[in-house]
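Student: I'd like a close look at one part of this protein, the nonpolar patch on its surface. Could you walk me through what it is made of and what sits around it?

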Amino acid sequence: MTLQDGDIINIDVTIYLNGYHGDTSRTYLCGEVDEPTKQLVKVTKECMLRGISACKHGVSFKAIGERISEHVNKYGYSIDPFIGHGVGTIFHSEPIIWHTYDYEPGFMVAGQTFTIEPTLSMGSTRCEVWDDGWTAITVDGSLNAQFEHTVLVTVNGAEILTKC
């Protein structure tokens with residue numbers, strides 16, 4: 001598949017170091033992109049930052065999805081079912097970070113490290129994963145965007161550990 005003028009692409013990078021992993025991703029614009037697509041990308045990044053701003057020692061994990069969902073609802077996008085995850089020696093470990101309203105119990109603890117990575121779609125949230133086991137596309141062909149950072153929970157908030 002060749003990228004075309006007006007496409008967007010998400011690049012997700014995972015680094016393994018000393019038995020641990022961390023990852024980050026960003027959506028890039030390809031050439032001349034229309035305003036609705038630019039808005040999708042902008043709002044997705046805003047959602048990630050809003051989710052990060054909810055992080056602090058003692059705060060419920062639910063706050064992340066609430067902040068993201070409240071922002072998404074203003075624009076009418078769909079939130080894809082992909083989740084954030086803990087960072088450790090096991091890839092995609094707990095805690096599971098939902099980017100929508102959720103009812104999972106649990107509170108953030110200073111020193112905890114995990115990703116926040118909302119994926120928003122202009123259409124369906126149903127995705128198909130390619131044979132590579134990693135690449136996902138929407139079944140209806142609608143555009144989606146994702147941004148991700150690995151964060152460290154602190155007593156006063158969260159420190160972003162990745163840069164993109």
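Tutor: Let's start with the patch itself and then step back to the whole chain. A quick word first: this is a predicted model, where local features need pLDDT of at least 70 and side-chain atom pairs count only at pLDDT 80 or more, while totals for chains, interfaces and linings use all residues. Residues are numbered from 1 along each chain as its sequence is written, and side-chain values use heavy atoms, with hydrogens and water left out.

The patch is made up of Leu 3, Ile 9, Ile 11, Val 13, Ile 15, Leu 17 and Tyr 28, and together they offer about 610 Å² of accessible area (Shrake-Rupley method, 1.4 Å probe, with only the protein chains shown counting as cover for residues). To join such a patch, a residue needs over 30% relative accessible area and no salt bridge (a side-chain nitrogen of Lys or Arg within 4 Å of a carboxyl oxygen of Asp or Glu), and nonpolar side chains (Val, Leu, Ile, Met, Phe, Trp, Tyr) are joined within 5 Å; for like charges the limit is 9 Å.

Strand β1, residues 8-17, is the biggest contributor, with five residues. Strands here are DSSP runs of E, at least two residues long, and helices are runs of H or I, at least four, numbered from the N terminus. Tyr 28 comes from strand β2, residues 20-29. Tyr 28 counts as partly exposed because its relative accessibility is 35%, between the buried limit (under 20%) and the exposed one (over 50%).

Stepping back, the protein has two helices and twelve strands, and 38% of its 164 residues are buried. Its accessible surface comes to about 9000 Å², 54% of it from carbon and sulfur atoms.

Conventions. Buried < 20%, exposed > 50% of the residue type's maximum accessible area, 1.4 Å probe, protein only.
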